[in-house]
Amino acid sequence: MVKRFFELQEKVLSYYSKANTRLLKKAYSIAADAHLNQRRASNEPFISHPLEVAGILADMKLDEISIAAGLLHDVVEDTEYTIDQIETHFGKEIADIVWGVTKISKISNFNPEDAKAETLKKMIIAMTNDVRVILIKLADRLHNMHTLDHLPEEKRKRIARETLDIYAPIAYRLGMGKMKTELEDIAFKYAYPEEYERISNEIEHKQSWATQKLENLKTEIEKIMEPFNITGEIDYRIKREISIYRKVMRQNITLDRVYDLLALRIITDSVENCYLLMGEIHQRWQYIPARWRDFIANQKSNGYQSIHTTIITADGGKFEIQIRTAAMHKMAEEGIAAHWQYKEGISFLEDDERLQWFRDLIEAHKENPDPQEFLKQVKGDLTTNEIYVFTPKGKVITLKKGATPIDFAFAIHTDVGYHCKGAYVNEQFVPLRTRLQSSDVVDIITSKNISPSADWLKYVSTSRAKKKIAAFIQKKENLLYLERGKKIWGKVIKEYKRKHDLKFNEEDITERVNKIFHVDMDTFFRDIGSNKKVLEKKSLKTLFPEITVPEITPAKKASKKSSQVFKLINVDGYQDIDVLFARCCSPIKGDKIMGYITHNRGLMIHKADCLNLKNTVQSRLKEVSWNEVADFPYEVKYDLIVPDKPGVLSAISSITASHDSNIKRITLEKISQQLCKVKLTFEVKDTQHLNRILNELKKIKGIDSIIRRKIPAHV
Ligand code: MN
């Protein structure tokens with residue numbers, strides 16, 4: 001193994017002769033010591049794994065910090081060593097990276113899909129702090145993929161699919177074409193062994209025919225280059241199995257119909273030569289305009305640059321040709337990793353657009369902590385095909401498949417997004433919800449009088465547009481609350497002054513509000529306007545302690561409980577009706593519900609199938625629905641019959657805690673020699689949230705039953 005370390009050191013020295021070999025040696029010896037008695041599934045000594053991972057990082061020519069962290073990446077997770085020890089030995093920079101890698105592997109979710117979402121979120125957050133964490137994680141995954149053979153088939157498939165779902169798309173997003181390709185190629189073989197087998201057989205069948213055709217075309221292109229004295233390299237390939245699979249699946253076509261089955265790449269020395277060659281090639285052969293793309297002038301959001309064009313030769317052969325410079329090629333292969341190569345290893349990449357993309361993603365999902373939703377959205381954002389549409393001036397805008405003119409408008413500029421009124425697509429006026437197609441030319445019409453509505457959220461698919469629209473609506477809502485709060489306050493304070501014949505100046509009031517409620521006036525008004533703060537006698541009294549007379553009548557007297565509930569429910573035709581949840585069936589957001597107009601307590605919300613509703617006057621029933629936007633914690637009560645063993649309560653509370661649910665009450669009561677009854681009251685957001693928690697609770701070891709507690713019926 002020491003020999004393999006020296007090979008690694010040689011590799012690093014070959015691209016960076018001044019590398020700190022003492023640091024590398026120390027990292028190796030501590031890692032070797034820590035993993036001393038551990039073995040991989042392949043039965044190799046464990047240290048072979050970190051050595052290989054560091055080797056992959058050295059192939060990427062990364063800085064010595066990354067290499068050392070790569071050697072140490074499993075030490076904290078799998079051995080007795082602590083992160084503090086790593087920091088003492090290697091300093092904060094390396095320790096932070098190792099900790100970042102370790103944290104990603106620590107998953108608190110039991111449910112595999114939630115765990116996937118959690119991993120992904122952690123990876124993104126870690127990466128926006130220091131990209132090297134993700135470079136190590138990707139190298140780690142690549143080596144694990146290479147040694148997948150030693151694992152049982154089920155596990156192999158799961159890991160391979162996770163690689164396709166998460167790791168390869170992240171590599172793509174970071175512009176690391178080579179990493180993405182390698183990960184996909186191995187993963188595809190393990191994740192879809194039959195499909196892989198079938199397609200690679202088909203390819204093999206065509207191999208010699210294809211090579212002949214590509215070789216011929218290569219010779220012809222070289223002939224074109226000759227008179228211009230252009231130096232360049234041409235290589236060619238048959239499309240990869242996974243890309244063929246995707247294409248064949250998506251478009252439901254046979255192999256012969258795949259346009260870019262045969263592809264040639266020309267790597268030349270200058271941008272001018274790229275365009276010159278493109279022109280000559282378009283002169284010589286017929287090309288397909290819809291498949292011609294200039295990613296040199298309009299680079300992809302992950303930094304990729306190249307010209308793509310598809311030609312048809314006289315005998316009907318179709319070839320995709322990519323033309324780029326050597327520098328562009330390097331960027332396409334290495335992406336963000338290029339920034340961490342030894343010579344530039346210090347830059348922090350704050351403004352890298354590829355990272356901004358991930359930051360936006362995290363930002364957009366802060367509002368919705370549901371891991372399933374997050375996974376769905378991110379997977380969509382990461383893997384959905386991109387479409388390329390044009391501005392009227394010919395600039396290419398990259399969007400997600402399914403994007404609409406609203407997405408396009410926000411991609412152009414936030415203000416264009418905020419005021420987009422309509423769009424011309426290919427000179428036709430279309431509704432804003434129209435889905436765009438690649439190569440559409442889109443012209444946005446704006447108007448000062450237009451602003452985003454909640455409806456728009458249904459029509460957009462990019463995170464950027466979603467985030468901007470949500471922020472706008474929030475701002476508008478806040479303004480509304482502010483106005484409303486000011487009005488309510490104005491009335492109350494007027495009444496108050498009149499009743500008590502007192503003179504307050506505004507500064508005086510501001511000072512008191514700051515001091516007593518710890519908020520500025522705008523927040524104070526907004527809280528009143530949104531019913532978050534209700535002006536009761538009590539709060540007015542605290543605000544004006546000099547008044548002893550208790551008689552105060554606020555202008556609007558909504559009971560706190562009701563007004564809050566009112567926001568959760570949509571009731572057509574009623575403005576200020578009191579709304580309460582029925583205790584008999586305690587509906588939770590997501591349940592089918594029905595309102596019942598009571599004699600004096602306002603509108604009572606029941607579950608639609610509540611037995612109490614069956615015996616009531618039908619004319620008093622009122623259709624209601626949930627307000628999708630507003631959230632509220634709903635209390636639910638369950639009785640669990642569990643084994644009378646220590647640890648049961650902590651198992652229950654760790655399940656609720658991992659799902660962000662508060663326990664309001666929990667009591668334990670022995671009911672037999674072995675069993676006890678846990679009475680549990682906890683809060684949930686909606687029925688989905690509840691079901692996820694129940695599913696986890698059902699898995700508690702030895703649990704006998706879990707039953708919703710009944711409350712005596714009454715309306
Ligand atoms: Mn590892």
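Me: What makes the crossing of H9 and H10 left-handed or right-handed in this predicted model?
Reply: H9 passes H10 in a left-handed crossing. That label applies because the near helix is turned anticlockwise from the far one by less than a right angle. The axes of helix H9 (residues 131-146) and helix H10 (residues 153-173) cross at roughly 145° and come within 11 Å.

Me: Which residues make the contact?
Reply: From H9 come Ile134, Lys137, Leu138, Arg141 and Met145, and H10 brings Ile159, Ala160, Glu162, Thr163, Tyr167, Ile170 and Ala171. By type, the contact of H9 with H10 has eight nonpolar residues, one polar and three charged.

Me: Which residues coordinate the manganese ion?
Reply: His49 (NE2), His73 (NE2), Asp74 (OD) and Asp140 (OD) do, at 2.2 to 2.3 Å. The cut-off for a donor to this metal is within 2.8 Å, so these atoms count as donors. Along the chain, their spacing reads H-x23-H-D-x65-D. Histidine 49 in helix H3 and aspartate 74, in the loop between helix H4 and helix H5, are 25 residues apart.

Me: Why is histidine 49 called buried?
Reply: Its relative accessible area is 0%, and buried means under 20%, so the word fits. Aspartate 74 is buried too, at 7% relative accessibility.

Me: How do you know that cysteine 585 is in no disulfide?
Reply: A disulfide needs two cysteine sulfur atoms within 2.5 Å. The nearest cysteine sulfur to cysteine 585 is that of cysteine 610, 3.8 Å away, so the pair does not qualify. The count comes to zero disulfides. Cysteine 585 is buried at 11% relative accessible area, and cysteine 610 is buried at 8%.

How values were computed
Residues are numbered from 1 along each chain as its sequence is written. This is a predicted model: local features need pLDDT of at least 70, side-chain atom pairs count only at pLDDT 80 or more; totals for chains, interfaces and linings use all residues. Side-chain values use heavy atoms; hydrogens and water are left out. Donors are N, O and S atoms within 2.8 Å of the metal (3.2 Å for Na, K and Ca); water is not among the atoms, so sites may look incomplete. Helices (H or I, at least four residues) and strands (E, at least two) are DSSP runs, numbered from the N terminus. Buried means under 20% relative accessible area, exposed over 50%, partly exposed in between (1.4 Å probe, protein chains only). Axes are lines fitted to C-alpha atoms, for helices over the stretch in contact, and angles run from 0 to 180 degrees between N-to-C directions. Contact means heavy atoms within 4.5 Å. Ala, Val, Leu, Ile, Met, Phe, Trp, Tyr, Cys and Pro count as nonpolar, Asp, Glu, Lys and Arg as charged, and the others, Gly among them, as polar.
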